[in-house]
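Subject: Structure for you to look at

Hi,

Here is the structure I said I would pass on, with my notes underneath. Could you open it alongside the text and follow the residues as you read?

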Amino acid sequence: MPVAKKEQPQIETIKFLFASIKDKTSLIHDIAREVPTTFGTIRNTWFSNYRGWSIPKEHQEVVLRILSRTLNEQNDDDN
């Protein structure tokens with residue numbers, strides 16, 4: 001039976017996209033409006049190298065969606 005190729009974990013995708021965001025504070029405020037947690041928790045825990053990027057699995061899809069939207073808007077502004 002063939003083994004399915006292991007997909008890249010979502011957290012690695014989030015890290016990659018987050019590095020491209022110019023206004024990270026605004027991004028974190030956008031995320032805080034859509035998930036039941038505070039700006040400080042998101043900034044200090046979810047996006048922290050010290051804490052190991054602890055974004056809860058149940059919120060990773062929302063974070064990816066907001067990251068994608070923010071990058072699209074950022075790219076539109078650059079053009």
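Helix H1 has four buried residues: Ile11, Ile14, Leu17 and Phe18. They span an arc of only 125° around the axis, so they sit on the same side of H1. Phe16 and Ala19, in contrast, are exposed on the other side of H1. As for what the buried side faces, the buried residues of H1 pack against H2 and H4. A general point fits here: an α-helix has 3.6 residues a turn, so residues three or four places apart point the same way.

Before going further, please keep in mind that this is a predicted model. The overall layout is easy to state: the chain has four helices and zero strands, which gives the pattern α-α-α-α along the sequence. Of the 79 residues in the chain, 35% are buried. Taking contacts between residues at least 6 apart in sequence, 57% join residues that are at least 24 apart.

Now to helix H2. Its buried residues are Leu27, Ile28, Asp30, Ile31 and Ala32. The elements covering them include helix H1 (10–19), H3 and H4.

Which residues of H3 are buried? In H3, these are Phe39, Ile42 and Trp46. Their arc around the axis is only 100°, and therefore they lie on the same side of H3. Packed against these buried residues of H3 are H2 and helix H4 (57–78).

Next, the helix pairs. Two packed helices are described by the angle between their axes and the distance between the axes, and I have both for two pairs that involve H2.

H2 with H3

The axes of H2 (residues 24–34) and H3 (residues 39–46) come within 9 Å of each other and cross at roughly 120°. That angle makes H2 oblique to H3. The crossing of this pair is right-handed. On the H2 side, the residues involved are Thr25, Ile28, His29, Ile31 and Ala32, and they meet Phe39, Ile42, Arg43 and Trp46 of H3. By type, the residues of this contact are six nonpolar, two polar and one charged.

H2 with H4

Here the angle is about 140°, and the axes are 10 Å apart. H2 and H4 are therefore oblique to each other. H2 passes H4 in a right-handed crossing. From H2, the contact draws on Leu27, Asp30, Ile31 and Glu34; from H4, it draws on Val62, Val63, Arg65, Ile66, Leu67, Arg69 and Thr70. These residues divide into six nonpolar, one polar and four charged.

Three residues you may like to look at one by one

Asp30 belongs to helix H2. Is Asp30 buried or exposed? Its relative accessibility is 18%, and because buried means under 20%, Asp30 counts as buried. Setting aside neighbours within four places in sequence, Asp30 is in contact with Ile66, Arg69 and Thr70.

Arg69 lies in helix H4. With a relative accessible area of 33%, Arg69 is partly exposed. Which residues does Arg69 touch, not counting residues up to four places away in sequence? They are Asp30 and Glu34. Arg69 can also be placed relative to Leu27: the two are 42 residues apart in sequence, while their C-alpha atoms are 9.9 Å apart in space.

Gln60 is also found in helix H4. It has a relative accessible area of 9%, so Gln60 is buried. Leaving out residues up to four places away in sequence, Gln60 touches Gln10, Ile11, Ile14 and Ile55. Two of these contacts lead back to the start of my notes, as Ile11 and Ile14 are among the buried residues of H1.

If you want a place to begin, try the contact of H2 with H4, where Asp30 and Glu34 of H2 and Arg69 of H4 take part.

Happy browsing, and do write back with any questions.

Best wishes

Terms used
Residues numbered from 1 in each chain as written. Predicted model: local features only at pLDDT ≥ 70, side-chain atom pairs only at ≥ 80, totals over all residues. Heavy atoms only, no water. Axes fitted to C-alpha atoms, helices over the stretch in contact; angles between N-to-C directions. Parallel < 35°, antiparallel > 145°, perpendicular 65-115°, else oblique. Left-handed = near helix turned anticlockwise from the far one by under 90°. Contact = heavy atoms within 4.5 Å. Nonpolar A, V, L, I, M, F, W, Y, C, P; charged D, E, K, R; others polar. Buried < 20%, exposed > 50% of the residue type's maximum accessible area, 1.4 Å probe, protein only. Arc of directions from axis to C-beta.
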